[in-house]
Amino acid sequence: MAPSGRPSGRSAIPKTSNDPMSEPSTKINLLGLSPAKLEDFFQQLGEKRFRATQVLKWLHQQGASSFDEMTNISKALRARLAEVAEIREPEVLLDKTSRDGTRKWVIRMDGGSAIETVLIPDGERRTLCVSSQVGCSLDCRFCSTGKQGFNRNLSTAEIIAQLRVAIRAFGPFDPAQRRVSNVVLMGMGEPLMNFDNVVDATQLMMDDNAYGLSKRRVTLSTAGVVPALDRLREVSDVSLAISLHAPNDTLRDQLVPINRRYPIETLIAACNRYLEGLNDRRVITVEYTLIEGVNDQPEHARELVKLLRQLPCKLNLIPFNPFPNSGYRRPTEAAIQRFKEIMLKGSIMTTVRRTRGDDVDAACGQLVGQVEDRTRRSQKYIPVVQGGADHGTSQRP
Ligand code: SAH
């Protein structure tokens, strides 16, 4: 990955033809090029680099859907662009609004899979929860996305398309109006398992000539792919959240199997390295899904206080969101408050994430889309699904 603003020196053209969005056509989808790769692209066309900035603005600030709209580009160059490139967006299959104002889109990707994107309004803040993969290759025990198995990584264009859908949903395309004020990569998938495409997409989100969101308003959430965290810090300064869910390795090994490869101590150390590199007093958001009788007891809270003293962080408690045949339950409100009190007494900044959008299956861990599973992991769960019920969005209770 080239640092933002500098061409990578490698050819942008052959590289992006591997992009799944481009598969059916040989044209390059310009929506999938980071600012640096767009510069490379124009250089290869023999054009000046500032063309990249002009086109970046047309694509991501004006929402252009054709080259003809780009009136400060010569007709000849527009014709050349139309020959080698395209502006291609996936189709919205479903658009549902919850009673609490949470809005969910199901978006069809090339190959027929579908992913889900959720916009959560909260006062001035409108947070978009973006997916990074079709399904997920991790297998966290309490997550319905994980139970569906994995199909493929989303391309940069497919990740950015989710932001564009949300911006466009409320009127003429204009990112400057901040209809989406924050982006969290907390939808379907493990962002760090789709490293290059996710990094390119976050660079577009944070680039002043594209979506212009501040680095404090774009948060990447990971279950803890430790080596990728170190790589991330070299190329990006996006904000970071980690999905911890347990205060010790014995429990985390069960709930978040990637812990067996990268145990808690190595994850906390990697987070501290990430913050040192940022050097701007940011903290890590620690996500902890509270599951009744599993990780919600006072002794878990006390152990968590000790652990989190080793990391500048804020804790976000997520009461478990049920899905059919999960086998887990949400703790009582009293148990949630008791856990929170212990954390606060231990001087850990703690909030409880209110459940949003559960009437349209848009809450954390409820995103399923339509995944054609390549891993056959989903088959493992079929025996426990009564009547072999489909996990597809349209058929869920
Ligand atoms: N793979 C990344 C991005 C997903 S973020 C990660 O693990 O961080 C989605 C968040 O919701 C994660 O913290 C995840 O563990 C949590 N989650 C998953 N299933 C849930 C459920 N059923 N109820 C509440 N939170 C859940």
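Biologist: In which loop is Gln-366 found?

Modeller: This is a predicted model. In it, Gln-366 belongs to the loop that runs between strand 14 (350-352) and helix 13 (377-381).

Biologist: Does Gln-366 count as buried or exposed, and why?

Modeller: The general idea is to count neighbours: a residue is buried if 20 or more other C-beta atoms lie within 10 Å of its own. Gln-366 has 22 such neighbours and therefore counts as buried.

Biologist: Which residues does Gln-366 touch, leaving aside those up to four places away in sequence?

Modeller: Its contacts are Ser-144, Asn-321, Phe-323, Asp-358 and Asp-361. Separation along the chain can also be set beside separation in space: Met-188 is 178 residues from Gln-366 along the chain, yet their C-alpha atoms are separated by 9.1 Å. For the chain as a whole, among contacts between residues at least 6 apart in sequence, 69% join residues at least 24 apart.

Biologist: What span should helix 7 have, and what span does it have?

Modeller: Helix 7 covers residues 195-206, which is 12 residues; at 1.5 Å a residue it should span 16 Å. Its end C-alpha atoms are 16 Å apart, so the expected and modelled values agree.

Biologist: How many residues of helix 7 are buried?

Modeller: An α-helix has 3.6 residues a turn, so residues three or four places apart point the same way. Helix 7 is mostly covered, with 10 of its 12 residues buried. Among them are Asn-197, Asp-200, Leu-204 and Met-206.

Biologist: In which sense do strand 5 and strand 6 pair?

Modeller: Strand 5 (residues 114-122) and strand 6 (residues 125-129) are antiparallel, and five bridges join them. One bridge links Asp-122 with Arg-125 of strand 6. The two strands form a hairpin with two residues between them, and in the turn Gly-123 has a positive phi of about 60 degrees.

Biologist: In which sense do strand 6 and strand 9 pair?

Modeller: Here the pairing is parallel: strand 6 and strand 9 (residues 182-185) share three bridges. Leu-128 has Val-183 in strand 9 as its bridge partner.

Biologist: What is the mean pLDDT of the chain, and where does pLDDT stay under 50?

Modeller: The mean is 88, and 88% of the residues reach 70 or more. Over residues 1-22 the pLDDT stays under 50, and the model has 55 contacts beyond four places in sequence for them. Residues 382-397 also have pLDDT below 50, with 20 contacts beyond near neighbours in sequence.

Biologist: How many helices and strands does the chain have?

Modeller: The chain has 13 helices and 14 strands. Buried residues make up 48% of its 397 residues.

Methods
Residues numbered from 1 in each chain as written. Predicted model: local features only at pLDDT ≥ 70, side-chain atom pairs only at ≥ 80, totals over all residues. Helix = DSSP H or I, 4+ residues; strand = E, 2+ residues; numbered from the N terminus. Contact = placed C-beta atoms within 7 Å. Expected span 1.5 Å × (residues − 1). Pairing = 2+ DSSP bridges. pLDDT = per-residue confidence, 0-100.
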